[in-house]
Amino acid sequence: MQASTFYMSLPTPFLKPQKPPNQIFITRTTNTNNKFNSPLQHYVFHNARSYSIHRNNVTNHKLCRLDLLKVRAVAENAEGSEASKPREVVRKLQLGVMFGIWYLLNIFYNIYNKQVLKAFPFPATVTAFQFGCGTLLILFMWGFRLHPIPKISKSQFKAIFSLAAIHTMGNLLTNISLGRVAVSFTHTIKATEPFFTVLLSALFLAERPSLWIVSSLVPIVGGAALASMTEASFNWIGFGSAMASNLTNQSRNLFSKKFMVKDEEALDNINLFSIITIISFIVLVPVAILMEGKLTPSYLQHAGRQGFNGRELCMRLLLSGFCLHTYQQVSYMILEMVSPVTHAVGNCVKRVVVIVSSVIFFQTPVSPINSLGTALALGGVFLYSRAKRLQRKPKVA
């Protein structure tokens, strides 16, 4: 008796695959006449055979296609890595140029600002004028669609207004210090900002600094103290104003961490800085008029204690305002391209460049002990940046 055995399963169209997985086996006894017992057997056998051939063809096609995709992916990755090399070089060159512009604008700002404050010792008026220059540049940027105009909600405005008030106070205190002491000494004192960052974060955010961060504060504080003791231009107003500006600036950073609005409503760095500048200008103008009110043509004609007439003084005011706004704008652009720790290291190098250039330009007398104190403070700032980088590195499990 002739018989045929089929492995069938209802969910599949014809036969359930057995070993190997991509083939279908049909077991039948020897049939010398090469005939089937019924038309159903003939139908199932031929359909099973065609299904097996189709499955094998489809599988081979998929495998070939997968191999082709793998080869293509490897080729694209190789091309992408080759293409990314010039892009990375261009990015590094762009960053290098931006850092150079940042430092150069800082140098010119400090030189022009010091010249203005020597000839025109009214820091509130000078600061308001500089914010006014920044406001004009911002309106120009928005008017010509160089950057999108922001939309501000009430909650954002409340937070930004508080930040702008603190920002205004910080800039005003810095200008008071620059008008009283040497540029190099002001920047040495301002290098102690990390100390206030750690102190305020511990007091208000309950953040415990690591041992490396605490250790880096020792040369910062010690170097600033050594430089203060040997500074020829030292006076308490200049020293206290620089210290107060550090406290104000770090309070602004702390305030932004605690009270800024949600991320989905947040502004980009350029628009945030622009709105802060405009608010600072509006707030400071009436204060400057009430406190000083000296920016008049008759006073400017006789204000040149350093040999500047009114026109030259106004020109230096414009240049200082332009340099102040543009270097801060470039700083924010750099911050969008690099990490905050890298930006902090760049800021430390910027202070070195500004101190050295101001000493050379103004021929500031610097004793060896004063130089040692400045170097210690700046070295401590660099160590602090490195400690912050180590603290932020993810731990490898």
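These legends go with a set of close-up views of a predicted model.

**Figure 1. The whole chain, mostly a run of helices after two strands at the start.**
The protein chain comes to 12 helices and two strands. Read from the N terminus, the strands come as β-β and the helices follow. Of its 397 residues, 40% count as buried. If you look at contacts with a separation of 6 or more, 85% of them join residues 24 or more positions apart. The chain exposes about 23,100 Å², and carbon and sulfur atoms supply 66% of that area.

**Figure 2. Stretches that carry a "transmembrane region" annotation in UniProt.**
The unreviewed UniProt entry puts this annotation on residues 93–112, 124–144, 270–291 and 366–385. Two of these spans are worth a look here. Residues 93–112 are 100% helix and 0% strand, with 28 Å between the end C-alpha atoms. Residues 124–144 come out at 95% helix and 0% strand, and their end C-alpha atoms sit 30 Å apart.

**Figure 3. The second largest cavity, with α2, α8 and α10 around it.**
Searching the whole structure turns up two cavities of 30 Å³ or more. This view shows the second largest, which holds about 40 Å³ of space. Rolling a probe the size of a water molecule over the atoms is what reveals such empty space. Which residues line this cavity? They are Gln130, Phe131, Gly134, Phe273, Thr277, Gly321, Leu324, His325 and Gln328. Helices α2 (123–143), α8 (269–291) and α10 (310–337) each bring at least two residues to the lining. The largest share, four residues, belongs to α10. Sorted by class, the lining has three nonpolar and six polar residues, and no charged ones.

**Figure 4. Thr135, a buried residue of helix α2.**
Thr135 sits in α2 and has a relative accessible area of 9%. Because the cut-off for buried is under 20%, Thr135 counts as buried. Leaving out residues up to four places away in sequence, Thr135 touches Thr277, Ile278 and Phe281. One of these, Thr277, also appears in the lining of the second largest cavity. So does His325, whose C-alpha atom is 8.8 Å from that of Thr135, although the two are 190 residues apart in sequence.

**Figure 5. Ile334, a fully covered side of helix α10?**
How much of Ile334 is accessible, and is the residue buried or exposed? This α10 residue is buried, with a relative accessible area of 0%. Setting aside residues up to four places away in sequence, Ile334 touches Leu95, Met98, Phe99, Trp102 and His343. Trp102 is 232 residues away in sequence, yet the C-alpha atoms of Trp102 and Ile334 are 9.0 Å apart.**Figure 6. Ser184 in helix α4 and its contacts.**
Ser184 belongs to α4, residues 183–190. With 9% relative accessibility, Ser184 counts as buried. Not counting neighbours within four places in sequence, Ser184 is in contact with Ile355, Ser358, Val359 and Thr364.

**Figure 7. Trp212, an exposed residue in helix α6.**
Here the view moves to α6, residues 211–229, where Trp212 is found. Is Trp212 buried or exposed? Its relative accessible area is 63%, so Trp212 counts as exposed. Lys388 lies 176 residues away along the chain, and 8.6 Å separates the C-alpha atoms of Trp212 and Lys388.

**Figure 8. Arg145 and Gln363, two loop residues with positive phi.**
Most residues other than glycine have a negative phi. Arg145 goes the other way, with a phi near 55°. Arg145 sits in the loop between α2 and α3 (154–180), and at 62% relative accessibility it counts as exposed. Gln363 has a positive phi too, near 50°. You'll find Gln363 in the loop between α11 (340–362) and α12 (368–392). Gln363 is exposed as well, with a relative accessible area of 68%.

Terms used:
Residues numbered from 1 in each chain as written. Predicted model: local features only at pLDDT ≥ 70, side-chain atom pairs only at ≥ 80, totals over all residues. Heavy atoms only, no water. Buried < 20%, exposed > 50% of the residue type's maximum accessible area, 1.4 Å probe, protein only. Contact = heavy atoms within 4.5 Å. Areas by Shrake-Rupley, 256 points an atom, 1.4 Å probe, with all protein chains shown as cover. 1 Å grid on protein atoms, 1.4 Å probe; cavity = no way out; pocket = protein on both sides within 12 Å on 5 of 7 lines; lining within 4 Å. Points joined across faces, edges and corners; volume = space filled by probe spheres on them. Nonpolar A, V, L, I, M, F, W, Y, C, P; charged D, E, K, R; others polar. UniProt positions renumbered as here; feature names shortened; annotations may be inferred.
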